[in-house]
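Grab a pencil and keep the 3D view open. Try each exercise yourself before you read the solution below it.

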Amino acid sequence: MHQRMLKNAIGFLVLASGLGWLIRNIAARGKVSILVYHDPKPEVLHRHLQHLNRAYNIIPPSRYFEALKAKDFSTLPPRSLVMTFDDGHVGNAALVQVMHAHGVKGLIYLCSHIVDTQRGFWWQSAAAKNLGISELKKLTDADRLAKLAEYGFERDADQGTAAAVSLSQIKSLSQVFEFGSHTCYHPILTQCNDAACDEEIAASKRKLESLLNQPVLHFAFPNGNYGQREIAMIKAAGYETARTIDVGWNGALTDPFHLKVLEAADDATVWWLRAQLTGATTLFKNAVRYRRISLALQQGDNA
Ligand SMILES: [Zn+2]
């Protein structure tokens, strides 16, 4: 059994390595890859960057956004890659040195009302773990907040420890990172009513701009959930781009409000990262999820 699993893993990795080459040179040719991290340890990111710096040209996010705005990628190097980090986890504060050592810059999408406070990320709370994070994501925003409150988590309550980076850490991070908005409190936007959705999008921009003392023009959807309403509100608030977690590569004509990504697991081995860079792992995960959903629906039909 173990042997078979190992064989499968090796086969997959061999495939991924060939696939990786093909994708970098064919599917991703002339396009920009955007990687998504959350809270990687510096030593893991160091190993990833050793590979990424060999296989790609990691460019500063602002350089990519300028080329995207001009709809002209002729100024970008081949196999351009942009590093993004979601949420603003306190662990990100330890990444300055490794980013600096590899000579690369990234972008952190911050939750404006959690950074520089001792508030918690709702999905990390004991309440969320008891209730089930994926179950909570299915509730309307008001119901989710009410349920969490019932189990002892208030989004504005001081948790006695910082889950997100502080302002002084952000200042230090600004040597190697740019910053965007990831809403105020990381709700599922598509579960918010209009007023709450607009508040999360617009107020986070205002708050971050006053905190950072610079324009905040880039947005990432919490949990990757969005629809036409969210995009309209993001445009109205004055953002220039929005990053999804939809898998794919970005060409010069890609809609700036539908930027596609490749997910990088925070603890990925370099081999797994290479597989993730093909997009195949996420597509596979989604296919499995889709299969489970259709099975569940069939069972529902039979019941
Ligand atoms: Zn997030």
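Here come four exercises with worked solutions, all on a predicted model.

**Exercise 1.** Find which residues coordinate the zinc ion, and work out the spacing of the donors along the chain.

*Solution.*
- Step 1: Click on the zinc ion and look for its donors. You should land on Asp87 (OD), His182 (NE2) and His186 (NE2), at 2.1 Å.
- Step 2: Put these donors in chain order. The spacing reads D-x94-H-x3-H.
- Step 3: Now place two of them in the fold. Asp87 sits in strand β3 (residues 80-87), while His186 is in the loop between β5 (177-181) and α9 (194-212). They are 99 residues apart, so this pair links distant parts of the chain.
- Step 4: Check how open they are. Buried means under 20% relative accessible area. Asp87 has 3%, so Asp87 is buried; His186 has 8%, so His186 is buried too.

**Exercise 2.** Locate the largest nonpolar core and say which residues have the most contacts inside it.

*Solution.*
- Step 1: The largest core has 66 residues, and Leu52, Met83 and Met99 have the most contacts inside it.
- Step 2: Ask which element gives the most to this core. That's α9, with six residues.
- Step 3: Zoom in on Leu52. Skipping its neighbours within four places in sequence, Leu52 is in contact with Leu35, Tyr37, Ile58, Leu81, Met83, Leu273 and Leu277.
- Step 4: Don't miss the other core, which lies apart from the largest one. This other core has 17 residues, including Val32, Leu76, Tyr109 and Ala252.

**Exercise 3.** Sort residues of helix α3 (residues 61-69) into buried and exposed.

*Solution.*
- Step 1: Pro61, Tyr64, Phe65, Ala67 and Leu68 are buried.
- Step 2: Why do they end up on the same side of α3? Because they cover an arc of only 165° around the axis.
- Step 3: Here's the rule of thumb: an α-helix has 3.6 residues a turn, so residues three or four places apart point the same way.
- Step 4: Turn to the face of α3 away from the buried side, and you'll meet the exposed residues Glu66 and Lys69.
- Step 5: Just past α3, Lys71 takes a positive phi of about 50°.

**Exercise 4.** Trace how strand β7 (residues 241-247) pairs with β6 and with β8.

*Solution.*
- Step 1: β6 (residues 218-220) runs parallel to β7, and three bridges join them. Phe219 stands opposite Ala242 in β7.
- Step 2: Add helix α10 (residues 228-237). Together, β6, α10 and β7 make a right-handed β-α-β unit.
- Step 3: β7 also pairs with β8 (residues 259-263), in the parallel sense, over two bridges. Here Val247 has Val261 in β8 as its bridge partner.

Methods. Residues are numbered from 1 along each chain as its sequence is written. This is a predicted model: local features need pLDDT of at least 70, side-chain atom pairs count only at pLDDT 80 or more; totals for chains, interfaces and linings use all residues. Side-chain values use heavy atoms; hydrogens and water are left out. Donors are N, O and S atoms within 2.8 Å of the metal (3.2 Å for Na, K and Ca); water is not among the atoms, so sites may look incomplete. Helices (H or I, at least four residues) and strands (E, at least two) are DSSP runs, numbered from the N terminus. Buried means under 20% relative accessible area, exposed over 50%, partly exposed in between (1.4 Å probe, protein chains only). A nonpolar core is a set of buried Ala, Val, Leu, Ile, Met, Phe, Trp, Tyr and Cys residues joined through side-chain atoms within 4.5 Å. Contact means heavy atoms within 4.5 Å. The arc is that of the directions from the helix axis to the C-beta atoms. Two strands pair if DSSP finds at least two bridges between them. A crossover is right-handed if, with the strands pointing away from the viewer, the path from the first strand over the helix to the second runs clockwise.
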